[in-house]
Amino acid sequence: MKLVIAVVQDQDVHRLIERLLDGGFSATKLASTGGFLKEGNTTVLVGIEEEKVDQVVQLVRDSCQSRKQLVTPMAAVGTSLNSFIPRPIEVPVGGATIFVLDVDRFEKV
Ligand code: 2BA
């Protein structure tokens, strides 16, 4: 058995969960926060048989879009705030970040 962990943008998660359920997969949604942007995203867990991994990865691929997000960098420590003019920069986010892990044991009790 495998565990697919997908970090997705909040805007895409509804579509993804619907497609997973339509495909007969069980999924768990966890609220998460990106370390870099420090903004909310969603982590989706899907436990599946190995032969279905590609199908689930394709569903994630089809459901999640890449977007650009503006970030305003902080002044580096030691920089004079008088000379620091914060300028927003564009950062690409997503479609999705996907991890596929081996599951040693799976039980429902
Ligand atoms: P964040 O950490 O908030 O990152 C959002 C986006 O910012 C990233 O999009 C990437 O384009 C950019 N970014 C991240 N770290 C950066 C850095 N040090 N310098 C410049 N740009 C940086 P994605 O790569 O699509 O990642 C989306 C979210 O997926 C991440 O949100 C994080 O929550 C998760 N993620 C990505 N890679 C991961 C990893 N190796 N391990 C765990 N979670 C990861």
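The following exchange looks at Gln 9, a nonpolar core and two pockets in a predicted model.

User: What kind of model is this, and how are residues numbered?

Analyst: This is a predicted model, in which local features need pLDDT of at least 70 and side-chain atom pairs count only at pLDDT 80 or more, while totals for chains, interfaces and linings use all residues. Residues are numbered from 1 along each chain as its sequence is written, and side-chain values use heavy atoms, with hydrogens and water left out.

User: Why is Gln 9 called buried?

Analyst: Buried means under 20% relative accessible area, exposed means over 50%, and partly exposed lies in between, with a 1.4 Å probe and protein chains only. Gln 9 has a relative accessible area of 8%, and therefore Gln 9 is called buried.

User: Where does Gln 9 lie, and which residues does Gln 9 touch?

Analyst: Gln 9 lies in the loop between strand 1 (2-8) and helix 1 (10-22), where helices (H or I, at least four residues) and strands (E, at least two) are DSSP runs numbered from the N terminus. Leaving aside residues up to four places away in sequence, Gln 9 touches Gln 65, Arg 67, Val 93, Gly 94 and Gly 95, a contact being heavy atoms within 4.5 Å.

User: What makes the largest nonpolar core a core, and which elements give two or more residues to it?

Analyst: A nonpolar core is a set of buried Ala, Val, Leu, Ile, Met, Phe, Trp, Tyr and Cys residues joined through side-chain atoms within 4.5 Å. The largest one here has 17 residues, and Val 8, Leu 20 and Phe 25 are among those with the most contacts inside it. Strand 1, helix 1, strand 3 (40-48) and helix 2 (53-63) each give two or more residues to this core, and its largest share, 5 residues, comes from helix 2.

User: How many residues line the largest pocket, and how do they divide by class?

Analyst: A pocket is an open set of points on a 1 Å grid over the protein atoms alone, where a 1.4 Å probe fits, with protein on both sides within 12 Å along at least five of seven lines, and lining residues have an atom within 4 Å of a point. The largest pocket is lined by 18 residues, with Gln 9 and Asn 41 among those nearest its centre. These residues divide into 6 nonpolar, 10 polar and 2 charged, where Ala, Val, Leu, Ile, Met, Phe, Trp, Tyr, Cys and Pro count as nonpolar, Asp, Glu, Lys and Arg as charged, and the others, Gly among them, as polar.

User: Which element gives the most to the lining of the second largest pocket?

Analyst: Strand 3 gives the most to that lining, with 3 residues, and by class the lining has 7 nonpolar, 4 polar and 1 charged residues.
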